[in-house]
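Please walk through this structure with an eye to its overall build, its empty spaces and its charged contacts.

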Amino acid sequence: MLHGYWPKSTLAEDFKAGLLELVGTAVFLTLAFGGVQSSHAVDGSTLERTLYIATSFGLSLLASAWLFFRVTGGLFNPNVSLALLLVGSIGPMRFALYCIAQLTGAIAAAGIIRALTAGPVTYDTVLSPSINRAQGTFIEMFITAALCFAVLMLAAEKHSATPFAPVGVGLTLFACHLFAVPYTGAAMNTARAFGPAAVRGFPNDTHWIYWLGPFLGALLATVFYICLKHYRYWTLNPGQEATEPELSPPDPVSVIRAEKRAATSSAV
């Protein structure tokens, strides 16, 4: 029924891409988890630690995604992979292999940081006592939707700024962390939550939130993106990718003078 909807690729190509996605996910999360662990290794206020964690994740994703952008797409996130599957950017086999790779890479990254650093694991995602499970689920849903929508509009949707998509996606991750770190740990990525939880033996009974919330967020972002595509969003504000100076707004003073001259000429 959906013949031709997904891009064609061989199993060997999908397997190679999955293997490299595992490496990319491990690189991204090793840097990010290391930043979180370091933030607890030095003295600082809660606000300073939140900024440190948000910056660590945002820059880690920006750098890692840019490095792997032309290799695998630099997804590093099963929920982003789901959104790209639903819009037809990747096929079902690559989606399955990417999810396995991303979960495996997250476990590897969590294990690496646990082995390299002292002290307890501080990069696990834990629900704050100040919010309930429903609130945590919806927070994860909304921030994941924001991240997935950034990927869809900046990377999947091709335009002149697509090569710089990792910058926008990294900044989106940074902004979402500023909001959600104190409440849910700001996972917005099931693999990001799964890796540390697996290393710790799944000590929290709220881990399911980091599966359900991001899953719903990926669906929300995808539905919104499909609506924009269906109603041809680019016709609402055309010319946003133009670089020609002549397409800039006219000089208001010149326009007013021209209208005055025209009015004077018609009066005569």
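Is Ala186 buried or exposed? The answer is that Ala186 is buried, because its relative accessible area is 0%, and this residue is placed in the loop between α6 (165-180) and α7 (190-200). Its backbone also deserves attention, since the phi of Ala186 is near 55°, a positive value in a residue other than glycine. Most residues other than glycine have a negative phi. Another case of this kind is Phe202, whose phi is near 50° and thus positive in a residue that is not glycine. Phe202 sits in the loop between α7 and α8 (209-230), and with a relative accessible area of 40% it is classed as partly exposed.

These two residues belong to a predicted model, whose overall build can be set out briefly. The secondary structure of the protein consists of 9 helices and 0 strands, so that from the N terminus on the elements read α-α-α-α-α-α-α-α-α. Taken along the principal axes, the C-alpha atoms fill a box of roughly 90 × 50 × 35 Å, and of the 268 residues in the protein, 44% are buried.

The empty spaces come next. Rolling a probe the size of a water molecule over the atoms shows where empty space is left. The largest pocket holds about 470 Å³ of space, and of the 37 residues in its lining, Gly73, Gly74, Leu75, Leu84 and Val151 are the closest to its centre. Two or more lining residues are given by each of α1, α2 (46-68), α3 (78-86), α4 (92-116), α5 (133-156) and α6, with α6 giving the most, namely 5 residues. Sorted by class, the lining of this largest pocket has 23 nonpolar, 9 polar and 5 charged residues.

The second largest pocket contains about 370 Å³ of space, and its lining is made by 22 residues, of which His40, Ile53, Thr122, Val181 and Gly185 lie nearest its centre. Here α2 and α7 each supply at least two residues of the lining, and the largest share, 5 residues, comes from α2. By class, the lining of the second largest pocket divides into 9 nonpolar, 9 polar and 4 charged residues.

Besides these pockets, the structure holds 1 cavity of 30 Å³ or more, and the volume of the largest cavity is about 50 Å³. Its lining is formed by Asp124, Thr125, Ala197, Phe202, Pro203, Asn204, Thr206, His207 and Tyr210, a set that comprises 4 nonpolar, 4 polar and 1 charged residues. Phe202, with its positive phi, is therefore one of the residues that line this cavity, although by relative accessible area Phe202 is partly exposed.

The charged contacts can now be added to the picture. Side chains of opposite charge can pair when their charged atoms come close. A search of the whole structure finds 4 salt bridges, among them the one in which the side chains of Arg94 and Asp14 meet at 2.8 Å, N to O. Because Arg94 lies in helix α4 and Asp14 in helix α1, this pair ties together parts that are 80 residues apart in sequence. Asp14 counts as buried, because its relative accessibility is 4%.

Another salt bridge leads back to the cavity, where Asp124 is one of the lining residues. Asp124 pairs with Arg200, the closest N and O atoms being 2.9 Å apart, and since Asp124 lies in the loop between α4 and α5 while Arg200 is in helix α7, the pair ties together parts that are 76 residues apart in sequence. Asp124 is buried, with a relative accessible area of 11%, whereas Arg200 is partly exposed at 36%.

A further salt bridge joins the side chains of Asp205 and Arg133 at 3.0 Å, N to O. Asp205 lies in the loop between α7 and α8 and Arg133 in helix α5, so the pair ties together parts that are 72 residues apart in sequence. Asp205 is exposed, with a relative accessible area of 54%, while Arg133, at 37%, is partly exposed.

On the surface, finally, Val23, Val27 and Leu31 make a nonpolar patch of about 210 Å². Leu31 lies in helix α1 (residues 11-39), and it counts as partly exposed because its relative accessibility is 45%.

Key. Residues are numbered from 1 along each chain as its sequence is written. This is a predicted model: local features need pLDDT of at least 70, side-chain atom pairs count only at pLDDT 80 or more; totals for chains, interfaces and linings use all residues. Side-chain values use heavy atoms; hydrogens and water are left out. Patches are made of residues with over 30% relative accessible area and no salt bridge: like charges are joined within 9 Å, nonpolar side chains (Val, Leu, Ile, Met, Phe, Trp, Tyr) within 5 Å. Accessible areas come from the Shrake-Rupley method with a 1.4 Å probe; for residues, only the protein chains shown count as cover. Helices (H or I, at least four residues) and strands (E, at least two) are DSSP runs, numbered from the N terminus. Buried means under 20% relative accessible area, exposed over 50%, partly exposed in between (1.4 Å probe, protein chains only). On a 1 Å grid over the protein atoms alone, a cavity is a set of points where a 1.4 Å probe fits but cannot get out, and a pocket is an open set with protein on both sides within 12 Å along at least five of seven lines; lining residues have an atom within 4 Å of a point. Grid points are joined across faces, edges and corners, and a volume is the space filled by probe spheres set on the points. Ala, Val, Leu, Ile, Met, Phe, Trp, Tyr, Cys and Pro count as nonpolar, Asp, Glu, Lys and Arg as charged, and the others, Gly among them, as polar.
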